[in-house]
Amino acid sequence: MKESRRLAVDGLLTALLFVSQVAIGYLPNIELVSLFVITYTLVLGKRVIPILTAFTLLEGILYGFGIWWVSYLYLWPVLAGLTWVLRKFHAPDWGYAFLSCGFGLGFGLLCSIPYLAGGFSAAFVYWTNGLSFDLIHGASNLVIALFLFRPVRQVLHYCLL
């Protein structure tokens with residue numbers, strides 16, 4: 001793929017991540033970003049990192065660069081890394097659905113890390129206050145990935161390779 005085409009495709013995929021997040025942002029912890037990060041990683045490999053970087057920057061620009069934003073600097077790369085590891089084991093499609101579910105369940109815990117600056121109790125309170133949202137996040141990620149993982153991966157693979 002030529003460099004200019006690759007750059008354009010990466011920009012469009014970044015926009016898809018961002019627009020999908022903003023478009024359904026009114027739904028509590030229901031999102032498509034996890035699904036896209038997993039499929040982008042599987043189809044694009046290391047090319048996912050600049051896409052995630054641009055996406056995270058756009059989120060900061062739209063919503064502000066608060067302490068929550070610091071966690072986004074590592075959250076999405078962690079999901080991409082876990083996907084990359086799981087790929088090496090030739091996981092079935094449902095394996096990625098459970099990865100997405102687990103990521104949703106652990107999202108609040110991972111987000112609480114920057115709050116350790118205020119002490120363990122601050123991070124613990126932040127995490128426990130959001131447990132009900134993490135349950136919704138995990139369940140919705142599971143359902144979304146079970147139904148959309150294969151078609152999204154096939155479309156990306158067909159269109160990009």
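**Entry 1: the core**

A nonpolar core is a set of buried Ala, Val, Leu, Ile, Met, Phe, Trp, Tyr and Cys residues joined through side-chain atoms within 4.5 Å. I note at the outset that I am working from a predicted model. I looked up the largest such core and found that it has 33 residues. Within this core, the residues with the most contacts are L13, L17, V37, Y40 and W76.

I then asked which elements give two or more residues to this core. I recorded α1 (3-23), α2 (33-44), α3 (48-63), α4 (67-88), α5 (93-111) and α7 (131-160). The element that gives the most is α2, with 9 residues.

**Entry 2: L17**

I next looked up the neighbours of L17, one of the residues with the most contacts inside the core. Leaving out residues up to four places away in sequence, I listed V33, F36, V37, Y40, I51, L52 and F55 as touching L17. Of these partners, V37 and Y40 are also named among the residues with the most contacts inside the core.

**Entry 3: α1 against α7**

I turned to the packing of α1 and α7. Their axes are 12 Å apart, and the angle between the two helices is about 160°. I therefore entered α1 as roughly antiparallel to α7, because an angle over 145 degrees counts as such. The crossing in which α1 passes α7 is right-handed.

Which residues make the contact? From α1 I noted R5, V9 and L13, and from α7 L156, C159 and L160. By class, these contact residues divide into 5 nonpolar, no polar and 1 charged. L13 also appears in my first entry, among the residues with the most contacts inside the core.

**Entry 4: S20**

I looked up S20, which lies in helix α1. Is S20 buried or exposed? Its relative accessibility is 10%, so I entered S20 as buried, the cut-off being under 20%. Beyond residues up to four places away in sequence, S20 touches L32, V33 and F36. V33 and F36 stand in the list for L17 as well.

**Entry 5: L105**

My last look-up was L105, placed in helix α5. I found a relative accessible area of 38% for L105 and therefore recorded this residue as partly exposed, since that class lies between 20% and 50%. With residues up to four places away in sequence not counted, L105 touches D134, L135 and G138. I also checked L105 against S140: they are 35 residues apart in sequence, and their C-alpha atoms are 10 Å apart in space.

Note on methods
Residues are numbered from 1 along each chain as its sequence is written. This is a predicted model: local features need pLDDT of at least 70, side-chain atom pairs count only at pLDDT 80 or more; totals for chains, interfaces and linings use all residues. Side-chain values use heavy atoms; hydrogens and water are left out. Buried means under 20% relative accessible area, exposed over 50%, partly exposed in between (1.4 Å probe, protein chains only). Helices (H or I, at least four residues) and strands (E, at least two) are DSSP runs, numbered from the N terminus. Contact means heavy atoms within 4.5 Å. Axes are lines fitted to C-alpha atoms, for helices over the stretch in contact, and angles run from 0 to 180 degrees between N-to-C directions. Angles under 35 degrees count as roughly parallel, over 145 as roughly antiparallel, 65 to 115 as roughly perpendicular and the rest as oblique. A crossing is left-handed if the near helix is turned anticlockwise from the far one by less than a right angle, and right-handed if clockwise. Ala, Val, Leu, Ile, Met, Phe, Trp, Tyr, Cys and Pro count as nonpolar, Asp, Glu, Lys and Arg as charged, and the others, Gly among them, as polar.
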